[in-house]
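Take the model below one region at a time. Keep the sequence at hand and follow the residues as they are named.

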Amino acid sequence: MKHSLLMLFLLMTLHSFGQRIMPLYEGAIPNSKPTKDVEKTSMSGDIKVVDHISIPTLTIYLPDERIATGTAVIIFPGGGYWVNAIAHEGTDVARKFTDVGVAAVVVKYRIPSDETMVNREIGPLQDAQQAMIVVRQHADEWKIDSHRIGIMGFSAGGHLASTAGTHFENPVVDNPAKVSLRPDFMILGYPVVSFQDSICHRGSREQLIGKTPTKEKIDFYSNELQVTARTPPTFLVHASDDQVVVPQNSIVFYEYLLRHKVPAELHIYEKGGHGFGLNNKTTVDLWFDRCKAWMSSNGWLNPK
């Protein structure tokens with residue numbers, strides 16, 4: 001009886017937030033080895049993180065239908081490809097989007113690991129591409145315009161998002177229905193973009209492609225080098241004093257976007273460091289307001 005009441009309470013609570021959780025894959029998880037699930041959620045200082053993720057999920061936040069725009073954003077939290085900073089770079093951001101009528105989907109993506117994956121370097125990208133497939137397949141049910149689905153990533157999640165936004169013509173997941181893997185726009189927060197020695201976040205690079213990658217592999221996952229005219233319009237935000245993921249990551253990506261005539265907007269704050277999430281405490285300016293203005297100017301906040 002107590003268990004039933006608890007489940008009812010949880011379901012009512014989730015419903016009240018317009019939130020639901022679902023597995024990313026309906027059947028077997030591709031590129032996985034049989035292994036024990038040792039996922040753990042903990043606090044690293046004041047940051048909520050999830051580590052040892054081998055079973056990816058989607059958490060869906062739908063806005064009030066009265067303000068729904070039909071636009072959706074798929075969010076990849078950061079964490080150096082070691083953890084998912086699931087709250088301040090995931091669920092907190094999702095709730096902020098629903099306030100402006102945008103559906104948001106937080107991806108708890110797999111951590112690259114030789115113990116859980118056959119090929120660790122493609123595991124996160126598989127999850128990103130599968131997320132795009134699932135959201136587009138549920139577009140009618142969730143009242144989303146399938147041509148207004150963007151992706152967002154922070155830090156290493158920004159690398160995953162920018163990989164999904166530049167490698168969409170190279171599927172690494174089964175897609176028999178030929179659902180488009182191309183995002184309609186990208187939002188990148190202090191992202192890891194490049195794996196080049198001069199500006200890369202070495203920990204993210206080593207975790208994804210190893211300590212001694214070939215130049216070919218480094219170039220392949222340096223996403224500025226993969227930009228084409230079909231790369232989605234992009235909004236970038238960074239801080240000049242970020243010493244973890246240097247701002248040159250955003251700058252070089254912006255330069256390549258301009259080179260290929262891809263619409264782009266870049267905001268670099270004087271201070272803020274790394275990992276500030278929605279709130280850069282060094283300034284009264286709110287970058288999310290800048291992001292909303294950019295989305296509005298492109299028509300993504302206009303109800304359909």
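Which residue in S6 does Val50 stand opposite? The residue is Asn84. Bear in mind that this is a predicted model.

That pair belongs to a small part of the fold, and the sheet around it is a good place to start. S2, S3 and S6 form an open sheet of 3 strands, in the order S2-S3-S6, with antiparallel pairing. Strand S2 (40-44) and S6 are the edge strands; each has a single partner strand, so one side of each is left without a neighbour in the sheet. S3 and S6 are joined in the antiparallel sense over 2 bridges. Between S2 and strand S3 (residues 47-51), the antiparallel pairing runs over 5 bridges. One contact to locate there is Lys40, whose bridge partner in S3 is Asp51. S2 and S3 also make a hairpin with 2 residues between the strands. Gly45 in this hairpin takes a positive phi near 70°.

Positive phi turns up elsewhere, in residues other than glycine. Tyr81 has a phi near 60°. Tyr81 lies in the loop between strand S5 (72-76) and strand S6 (83-84). Lys261 also has a positive phi near 60°. Its loop runs between helix H7 (248-259) and strand S11 (264-269). Now compare their surroundings. Is Tyr81 buried or exposed? Its relative accessibility is 1%, so Tyr81 counts as buried. Lys261, at 73% relative accessibility, counts as exposed because the cut-off for that class is over 50%.

Next, go inside. Nonpolar side chains tend to be buried together in soluble globular proteins. Here the largest nonpolar core has 53 residues. Those with the most contacts inside it are Leu58, Ile74, Phe76, Trp142, Ile144, Ile151 and Phe253. Helix H3 (residues 123-137) supplies the largest share of this core, 7 residues. Apart from this core lies another, of 30 residues, among them Ile53, Phe276, Cys291 and Trp294.

Phe76 is a useful probe of the largest core. Beyond its neighbours within four places in sequence, Phe76 is in contact with Glu89, Val107, Tyr109, Ala128, Ile151, Met152, Gly153, Phe154, Gly157, Leu160 and Ala161. Follow one of these, Met152, into strand S8. Met152 counts as buried because its relative accessibility is 1%. With neighbours within four places again left aside, Met152 is in contact with Val73, Ile74, Ile75, Phe76, Val93, Phe97, Ala161, Ile187 and Trp287. Sequence separation is bridged here too: Met152 and Pro77 are 75 residues apart along the chain, and their C-alpha atoms are separated by 8.4 Å.

Helix H3 also holds a charged residue, Asp127. Asp127 is buried, with a relative accessible area of 0%. Which residues is Asp127 in contact with, leaving aside its neighbours within four places in sequence? They are Leu24, Tyr25, Pro56, Tyr109 and Arg110.

Now turn to the rings. The whole structure has 13 aromatic pairs. Why is the pair of Phe154 and Trp287 edge-to-face? The ring centres are 6.3 Å apart and the planes stand at 65°, so the pair falls in that class. This pair links distant parts of the chain: Phe154 is in strand S8 (residues 149-154) and Trp287 is in helix H8 (residues 287-297), 133 residues apart. Phe154 is buried, with a relative accessible area of 1%. Trp287 is buried as well, at 2%. Ring pairs extend the picture to a cluster of Phe97, Phe154, Phe185, Tyr190, Phe235, Phe276, Trp287, Phe288, Trp294 and Trp300. A separate ring interaction involves Tyr256: the charged end of Arg259 sits over its ring, 4.3 Å from the centre.

Finish with the cysteines. How many disulfides does a search of the whole structure find? The search finds 0. Cys200 is buried, with a relative accessible area of 13%. Cys291 is buried too, at 0% relative accessibility. Cys291 has already appeared, as one of the residues in the core of 30.

Key:
Residues are numbered from 1 along each chain as its sequence is written. This is a predicted model: local features need pLDDT of at least 70, side-chain atom pairs count only at pLDDT 80 or more; totals for chains, interfaces and linings use all residues. Side-chain values use heavy atoms; hydrogens and water are left out. Helices (H or I, at least four residues) and strands (E, at least two) are DSSP runs, numbered from the N terminus. Buried means under 20% relative accessible area, exposed over 50%, partly exposed in between (1.4 Å probe, protein chains only). A disulfide is a pair of cysteine sulfur atoms within 2.5 Å. Two strands pair if DSSP finds at least two bridges between them. Rings of Phe, Tyr and Trp (its six-membered ring) pair if their centres lie within 6.5 Å; planes under 30 degrees apart count as stacked, over 60 as edge-to-face and the rest as tilted. A charge sits over a ring if NZ of Lys or CZ of Arg is within 6 Å of the ring centre and within 35 degrees of the ring normal. A nonpolar core is a set of buried Ala, Val, Leu, Ile, Met, Phe, Trp, Tyr and Cys residues joined through side-chain atoms within 4.5 Å. Contact means heavy atoms within 4.5 Å.
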